[in-house]
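Me: I am new to this structure and would be grateful for a close look at a single part of it, namely one place where two helices meet. Please explain how the helices are arranged and what makes up their contact.

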Amino acid sequence: MKAPVYFDYAATTPVDPRVAQKMSECLMTEGNFGNPASRSHKFGWEAEEAVELARKQVADLLNCDPREIVWTSGATESDNLAIKGIAQFYKGKGKHLITSKIEHKAVLDTCRHLERDGYEVTYLEPGEDGLITPQQVADAIREDTTLVSVMHVNNEIGVINDIAGIGEVCRAAKVFYHVDAAQSAGKIPVDLESLKVDLMSLSAHKMYGPKGVGVLYVRRKPRVRLEAQMHGGGHERGMRSGTLATHQLVGMGECCRIAQLEMASEADRTLALRERLRRGFDDMEEVYVNGDLNAHVPGIINMSFNYVEGESLIMSLPEIALSSGSACTSASLEPSYVLRALGMNDELAHSSLRFSVGRFTTEEDVDGAIKQVRHAVEKLRELSPLWDMYKDGVDLDSIEWAAH
Amino acid sequence: MAYSDQVMDHYQNPRNVGKFDDQDDQIGTGMVGAPACGDVMRLQIRVNDEGIIEDAKFKTYGCGSAIASSSLLTEWVKGRSLDDAAQIKNTEIAEELALPPVKIHCSVLAEDAIKAAVEDYRKKLAAQT
């Protein structure tokens, strides 16, 4: 069987060959394999140099000081370190945090954990457009609030939050602001010189780098302090101990360098592909785009094909690799909590697909996907009693369904 | 998740897809499930004067296992008496299709669907006499 065409760049990206090349130079005897913390010989010094170059490459992408970059194992660890680290360090000031209902699980589950430890968390509801407004944040801030965590780009629907506006609100109220930027860094400009963001989480594997490495940006001015979550040799200025994985960090540095260099042209290209995909369904009835397209990253689009169930739709698309907005496939049988939070009805949430395109997607891939999805939707609608009822003019809300 | 060959077969070539006129006295209709839960099955049977199911049709909104369960059911009920059809157990369907535990509810829904269709037909019959 031919390998399916990849439409899941928001889940992870393949490593760019230029990145893989740099990484492979840091592994073997003849390569740069030393421990960056070894101070007594050339192997250590060279590894340290490579790590510091990588740190600068990440800092350049974000327009910040390299000393503000803390290496981690990925955005999940960064989210944990930021949220628990701030909550615990500043618990003397208060034990209230603010986040949103459409954050990544790494943020939501960390907040849940803190709730069990006696913290209080406010979960903001996005509007129908999928966005959290600065005003909502301002209204939720209390005397005892220490941290706001609202993501930059949502991973399921691709909408971009106004992190500049939210940052202003937080700074004025003297509350720290953490941003999960796993889906935005390297895709759209992030300028930490101008943004009032105190902490930011990034992952390399969403931008053509390797899995298993990320960073937490921790602002120096005004100074942000954290309770470390990983203790040991005092690496990363005590904020995150553990021997630095030279090849991983070099990989992340290189993918950031490429992203910075090629961001503008790549954004144009991915946007054109995404729009080509979207327009491919223009003339189909009952197809909806989820989230505000006016505030959107180029590569992600989430669409609902009404009256067709997402899991069966994916099942009839064996030649396309994508994810259902519905979490049915993960055995929970619950529709996406993100789509639900937008106030979408359950049928539409059950009927959604997330397409994400990227560096190696071609027009031909997109055209093939449109053809296959259209065919599958038409076939499944023929099988769908709900489609029959819609065609007969029956209002589905007028029926008393027996929930099971 | 990998699907069994039986599920794939029914999913790719569903049997007896369609709709009967539900006003017809010979027709029993069972519609079970809810859009909010991601599964709706509509099963219809056509019953002759001897109380034997002559034909069956279905339409299902739901995952592949739900579609396969209802497709299989239409094959099984044809030629059975009403009592016999109402005896079909979800476990038989689950076993035939090799459904994993997380998909057992699809076979439960199919069992509910045939029971509902038989009941609908019997109500119609009772109303006539």
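Reply: In what follows, a helix axis is a line fitted to C-alpha atoms over the stretch in contact, and the angle between two axes runs from 0 to 180 degrees between their N-to-C directions. The model considered here is predicted.

The part chosen lies in chain B, where helix α4(B) covers residues 90–97 and helix α5(B) covers residues 104–128. The axes of these two helices come within 8 Å and cross at roughly 130 degrees. An angle over 145 degrees would count as roughly antiparallel, and one of 65 to 115 degrees as roughly perpendicular; α4(B) and α5(B) fit neither description and are therefore oblique to each other. The crossing in which α4(B) passes α5(B) is right-handed.

From α4(B), the contact draws on Asn90(B), Ile93(B) and Ala94(B). On the side of α5(B), the participants are Ile104(B), Ser107(B), Val108(B), Ala110(B) and Glu111(B). By character, the residues of this contact comprise five nonpolar, two polar and one charged.

For wider context, one may turn to chain A. Chain A contains 12 helices and 13 strands. Its radius of gyration is 22 Å, close to the 22 Å that the globule rule gives for 404 residues, so chain A is as compact as a globular protein of that length. Along the principal axes, the C-alpha atoms of chain A fill a box of roughly 80 × 55 × 35 Å. Of its 404 residues, 51% count as buried. Among the contacts in chain A between residues at least 6 apart in sequence, 73% join residues at least 24 apart.

Note on methods
Residues numbered from 1 in each chain as written. Chains lettered and ligands numbered in written order. Predicted model: local features only at pLDDT ≥ 70, side-chain atom pairs only at ≥ 80, totals over all residues. Helix = DSSP H or I, 4+ residues; strand = E, 2+ residues; numbered from the N terminus. Rg over C-alpha atoms; globule rule 2.2 N^0.38 Å. Buried ≥ 20, exposed ≤ 12 C-beta atoms within 10 Å, placed from the backbone. Contact = placed C-beta atoms within 7 Å. Parallel < 35°, antiparallel > 145°, perpendicular 65-115°, else oblique. Left-handed = near helix turned anticlockwise from the far one by under 90°. Nonpolar A, V, L, I, M, F, W, Y, C, P; charged D, E, K, R; others polar.
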